[in-house]
Amino acid sequence: MSGGSARNVPSSSLELHSNLHNNIAYHFISQLQNFIAEMGCVESKLVATIKYRRVEKDLDKKVAEALKERTKSKKKTFRSVNSITMGLPRFKEGLRNIRDVFDQYDEDSNGTIDNEELRNCLNKLQVQMSEEEIDNIHRYCDIDNRKGIQFPEFVVFLCLMYLLFGSDVTYRVSEFESARLNYVFDELIDAFLFFDKDGNGKMKRKDVTQRMNEATHQERTPSHITSQLFKEMDLNRNGHVNLKEFLLSIIRWAGVETDDDEARNETSP
């Protein structure tokens with residue numbers, strides 16, 4: 001009797017064992033589901049990243065082709081780095097008038113132009129693009145990845161549209177300011193071409209170093225200064241600077257955004 005009773009397992013122990021088994025199984029399945037979901041998110045982000053890089057590469061290629069055509073038909077504007085530096089006040093004055101255009105298309109006045117607002121802008125400029133192309137150009141010009149185009153990026157956007165589609169774009173932006181905008185955009189693009197010695201739409205650090213030291217009557221610019229200058233322009237740290245990165249850097253150096261923000265703060269209640 002005693003031996004038989006020892007082999008009998010209380011029902012409470014069986015229930016405890018069953019509950020423990022179920023909890024372990026539930027925890028395992030839950031962890032597995034989370035892992036699969038995380039892998040799905042990783043895969044989705046990876047696919048999106050690959051697609052964006054392809055889009056970026058395609059648009060960079062179109063810009064490079066437009067730049068190459070430009071070099072065939074237009075004389076060089078700048079012959080030294082100093083001439084570009086001296087031009088910063090002109091850039092600043094010419095670009096300041098674009099703020100009113102930006103505010104016009106920033107319909108909700110939140111400081112950014114979203115995808116829908118960009119569509120309205122392109123319709124006004126009569127630039128024919130597919131839905132996918134509009135999405136691509138919006139993301140291409142959203143350089144800081146804030147899900148919207150801020151004023152400096154809008155300047156980059158307009159300059160790229162001018163390069164790719166011609167002076168009709170600036171005329172539709174502002175009939176009265178189109179000549180000035182054309183002049184400023186021409187100078188900004190030519191400043192980039194001054195540094196882009198290979199003419200492939202990709203400015204390299206050696207290009208900056210060479211251009212900074214071409215004036216033989218001056219002392220050589222220290223390497224740490226040219227390196228820092230290139231680093232400030234190479235926003236995505238891929239070893240070369242394209243036109244949009246260069247334009248954004250010039251806008252920052254000219255102080256267009258800073259002065260505009262200060263003026264807005266002074267007028268705000």
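## Close-ups of an all-helix model

**Figure 1. Who touches whom along the chain.** Take the contacts in the protein chain between residues at least 6 apart in sequence: 63% of them join residues at least 24 apart. Keep in mind that this is a predicted model. If you walk along the sequence, you meet 14 helices and 0 strands. Buried residues account for 38% of the 269 residues in the chain. On the outside, the chain exposes about 16,800 Å², with carbon and sulfur atoms supplying 52% of that area.

**Figure 2. How confident is the prediction?** The pLDDT averages 80 over the protein chain, and 75% of the residues score at least 70. Among the elements, helix α8 (residues 151–165) has the highest mean pLDDT, 93, while helix α1 (residues 2–7) has the lowest, 48. Over residues 1–6 the pLDDT is below 50, and this stretch makes 0 contacts beyond near neighbours in sequence. Residues 42–48 also have a pLDDT below 50, and their stretch has 1 contact beyond near neighbours.

**Figure 3. The stretches labelled EF-hand.** An unreviewed UniProt entry places the feature "domain: EF-hand" at residues 93–128 and 183–218. Zoom in on residues 93–128: the span is 64% helix and 0% strand, and its end C-alpha atoms sit 30 Å apart.

**Figure 4. Inside the largest nonpolar core.** In soluble globular proteins, nonpolar side chains tend to be buried together. Here the largest nonpolar core holds 64 residues, and Leu95, Ile98, Phe154, Phe157, Phe185 and Phe246 are the ones touching the most other members. Helix α8 gives the largest share of this core, 11 residues. Now pick out Phe185: leaving aside residues up to four places away in sequence, Phe185 touches Leu95, Ile98, Val155, Leu158, Cys159, Tyr162 and Thr170.

**Figure 5. Glu245 and its neighbours.** You'll find Glu245 in helix α13 (residues 243–254). Is Glu245 buried or exposed? Its relative accessibility is 3%, so Glu245 counts as buried. Not counting residues up to four places away in sequence, Glu245 touches Met233, Asp234, Leu235, Asn236 and His240. Asp234 is 11 residues from Glu245 along the chain, and the two C-alpha atoms are separated by 6.7 Å.

**Figure 6. What the Glu245 side chain reaches.** Which backbone nitrogen does the side chain of Glu245 reach at 3.1 Å? That one belongs to Leu235. Look at Asn242 too: the backbone nitrogen of Asn242 lies 3.0 Å from a polar atom of the Glu245 side chain.

Notes. Residues numbered from 1 in each chain as written. Heavy atoms only, no water. pLDDT = per-residue confidence, 0-100. Helix = DSSP H or I, 4+ residues; strand = E, 2+ residues; numbered from the N terminus. Contact = heavy atoms within 4.5 Å. Buried < 20%, exposed > 50% of the residue type's maximum accessible area, 1.4 Å probe, protein only. Areas by Shrake-Rupley, 256 points an atom, 1.4 Å probe, with all protein chains shown as cover. UniProt positions renumbered as here; feature names shortened; annotations may be inferred. Core = buried A, V, L, I, M, F, W, Y, C linked by side-chain atoms within 4.5 Å. Polar contact = N/O pair within 3.5 Å; in protein donor to acceptor, adjacent residues only side chain to side chain.
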